[in-house]
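Here are some worked exercises to try with the model open in your viewer. Have a go at each task before you read the solution.

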Amino acid sequence: MATRQTQFLARSLLTPAVGLLFIWMIVPLVLTIYFSTLHYSLLDPGSESFVGLENFRYFLTDPAFLASLQNTLVLVGSVLALTILLGIPLALLMDQPVIGRNFVRLMVIAPFFVMPTVSALVWKNLLMHPVSGLFAWLASLFGLTPIDWFNDVPLLAVILIVTWQWLPFATLILLTALQSLDEEQKEAAEMDGASAVSTFIYITLPHLARPITVVILIETIFLLTVFAEIFVTTGGGPGLQTTNIAFLIYSQALIQFDVGSASAGGLVAVVIANIVAFFLVRIVGRNLEA
Amino acid sequence: MARMATTRRVMISTAAAWLFGFLIFFPILWMGLASFKTELEAFAIPPSFLFFHWTTENYATVQERSDYLHHAMNSIIIAGGSTLIALLIAIPAAWSMAFSPTKRTKDILLWMLSTKMMPPVGVLVPIYLIYKSFGLLDSRIGLVFILCLGNLPIVIWMLFTYFKEIPRDILEAARMDGATIGRELVYVLTPMAIPGLASTLLLNLILAWNEAFWTLNLSTSSAAPLTTFIASYSSPEGLFWAKLSAASTLAIAPILVLGWFSQKQLVRGLTFGAVK
């Protein structure tokens, strides 16, 4: 019943959302591009001048950029690897007949609902404090020297916190996918004498390929811009050891007030995110037709 | 024949699942316990797990001293406001795409999704400067606006996948029976759409409540929601673990409850329907 009238109605219902998102996407982006070509410091107002690609040269050759790019890749890569490598066995375990499974599910999913500033501070103080933290006490029980997490291995400490936050997400998605796996197929394989290991490799794992891809892509989008966890624990330090790209841009913009350079950095972040987004949009799009 | 789960196997997997579930939940539990300790006991080594002097004084102090209620109210207004406005904009849009799809509907949906991929830090500078010149820094309305836009794509997507599942035959049947558009909306569509609306509302409340990039960067005190308020405990003079724990427990408790209710929709909402 797609009369011209209903078409008009449909379009006018859609317009506000499309318009707002369009403005939201275009205006800040254009401004970022514009600022990135300026020498523009908030400490020195009125001195704006066009400098072409100078900010990009400055940002990309700054040793802090390389350090933070490396930290970003290590952070994203480690958290992805940990959440998936721990998430698969955890999801498989929860897919077994377990008494009180719903309650276990609640416990496993809980960290995902904790606001980032809370989880970061609880880990930093109550668990990882080198003197009074629980980990220090556990280490001393075994006669080990407690680790001074945020001084000796700061990036690892941040990785552990972020992994704890995202493990529930990976587990929940993998578990949802496992539950949709056809039981009969597994049973048939078992009747044919397939071992548990080969059932896992040839039936379960291929079935998980797509959800794993989705987990990787979605986590990457969020992990590229991890901010609050670093902001409240290390402030990017010591030195640059936990500065990722998001935190570097933040500190250039709101601590050093260098608008031009921060904008150039922002565009670099947009480009990196777009590379990931390209693949995610294709996967989701394929699903839309099915 | 269904696979027989032997008693032994059930025992082992149950024990293992409870052990790992407990380990994952432990930091939250530990925080909850610390919130009932005195400051000295929260710091003590060896730590006491259950046999300490239980006290609720931290909760009282947090309420009195640090305007906890003020920040909680900010969180409610910012998360609630941004979610409601996003729903108001998203419902008509998702509705029209689900029920009158055109050739471009898929492209529009994917484009909306792609706006969510924009890293917030990429537009931090212009947003900060725009907010500064309009006096929106540290204002609730500014945060409502930005969180609303940030979550709009997810809201539209979730609603779209739910609306899509409403069988269209029912609409036609209602029309055949002579229902007007108004009656159709009230008696046929709304009841079928309510579960989807409710889960979208829940998930977005959670996302907005926990959002910690824009809230940390655009608010300092008067509009600061709980995320920013808790972050203020990171300063050295704020090393009061028991009070930090009490404030944190209060901040996450309501959202933990909502989250547990909405965990099934979480998968769907956050994967844009790619995993159901």
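**Exercise 1. Find the annotated membrane spans of chain B and look at their secondary structure.**

Solution. Keep in mind that this is a predicted model. Start with the record: an unreviewed UniProt entry puts "transmembrane region" at residues 12–33, 76–96, 108–131, 143–163, 184–209 and 240–261 of chain B. Next, take two of these spans and check them against the coordinates. Residues 76–96 of chain B come out as 100% helix and 0% strand, with 30 Å between the end C-alpha atoms. Residues 108–131 of chain B are 71% helix and 0% strand, and their end C-alpha atoms sit 29 Å apart.

**Exercise 2. Do the same for chain A.**

Solution. For chain A, UniProt (again an unreviewed entry) lists "transmembrane region" at residues 12–35, 73–94, 106–123, 154–178, 212–232 and 263–284. Residues 12–35 of chain A are 100% helix and 0% strand, and 35 Å separate the end C-alpha atoms. For residues 212–232 of chain A the helix share is 81%, strand is 0%, and the ends are 30 Å apart by C-alpha. Then zoom out: the unreviewed entry also carries the annotation "domain: ABC transmembrane type-1" over residues 69–280 of chain A. That span is 76% helix and 0% strand, and its end C-alpha atoms lie 22 Å apart.

**Exercise 3. Does the length of helix H5 of chain A agree or disagree with 1.5 Å a residue?**

Solution. Count residues first: H5 of chain A runs over residues 116–127, which is twelve residues. The expected span is 1.5 Å times one less than the number of residues. That gives 16 Å, and the end C-alpha atoms are 15 Å apart, so the two agree. Now check burial: twelve of the twelve residues of H5(A) are buried. Among them are Trp123(A), Lys124(A) and Asn125(A).

**Exercise 4. Step past the end of H5 of chain A and place His129(A).**

Solution. His129(A) is in the loop between H5 and helix H6 (134–141) of chain A. A residue is called buried if 20 or more other C-beta atoms lie within 10 Å of its own. His129(A) has 22 of them, so it is buried. For a partner further along the chain, try Pro146(A): it is 17 residues away from His129(A) in sequence, with 9.2 Å between the C-alpha atoms.

**Exercise 5. Which residues have the most contacts inside the largest nonpolar core?**

Solution. The core has 167 residues, and the ones with the most contacts inside it are Ile173(A), Ile249(A), Ala90(B), Ile156(B) and Ile230(B). The biggest contribution is from helix H7 (residues 140–164) of chain B, with 16 residues. Domain 1 (7–59) and domain 2 (67–270) of chain B both feed residues into this core, so it lies between them. Now pick one residue to inspect: leaving out residues up to four places away in sequence, Ile156(B) touches Ala17(A), Ala90(B), Ala93(B), Ala94(B) and Met112(B).

**Exercise 6. Describe the two contact surfaces of chain B: the one with chain A and the one between its own domains.**

Solution. Take the chains first. Here 85 residues of chain B are in contact with 85 residues of chain A. On the chain B side, helix H1 (residues 7–34) gives the most, with 16 residues. By class, this side splits into 66 nonpolar, 17 polar and two charged residues.

Then go inside chain B. The C-alpha centres of its domain 1 and domain 2 are 32 Å apart. Eleven residues of domain 1 are in contact with eight residues of domain 2 of chain B. On the domain 1 side, H1, helix H2 (39–43) and helix H3 (57–65) of chain B supply at least two residues each. That side has five nonpolar, four polar and two charged residues.

**Exercise 7. Phe257(A) and Asp138(B) have a positive phi; find where they sit.**

Solution. Recall the background: most residues other than glycine have a negative phi. Phe257(A) has phi near 55 degrees, and its place is the loop between helix H12 (245–254) and helix H13 (259–289) of chain A. With 14 other C-beta atoms within 10 Å, Phe257(A) is partly exposed. Asp138(B) also has phi near 55 degrees, and it sits in the loop between helix H6 (124–133) and H7 of chain B. Its 16 C-beta neighbours inside 10 Å make Asp138(B) partly exposed.

How values were computed: Residues numbered from 1 in each chain as written. Chains lettered and ligands numbered in written order. Predicted model: local features only at pLDDT ≥ 70, side-chain atom pairs only at ≥ 80, totals over all residues. Core = buried A, V, L, I, M, F, W, Y, C linked by C-beta atoms within 7 Å. Helix = DSSP H or I, 4+ residues; strand = E, 2+ residues; numbered from the N terminus. Domains from an automatic or database assignment. Contact = placed C-beta atoms within 7 Å. UniProt positions renumbered as here; feature names shortened; annotations may be inferred. Nonpolar A, V, L, I, M, F, W, Y, C, P; charged D, E, K, R; others polar.
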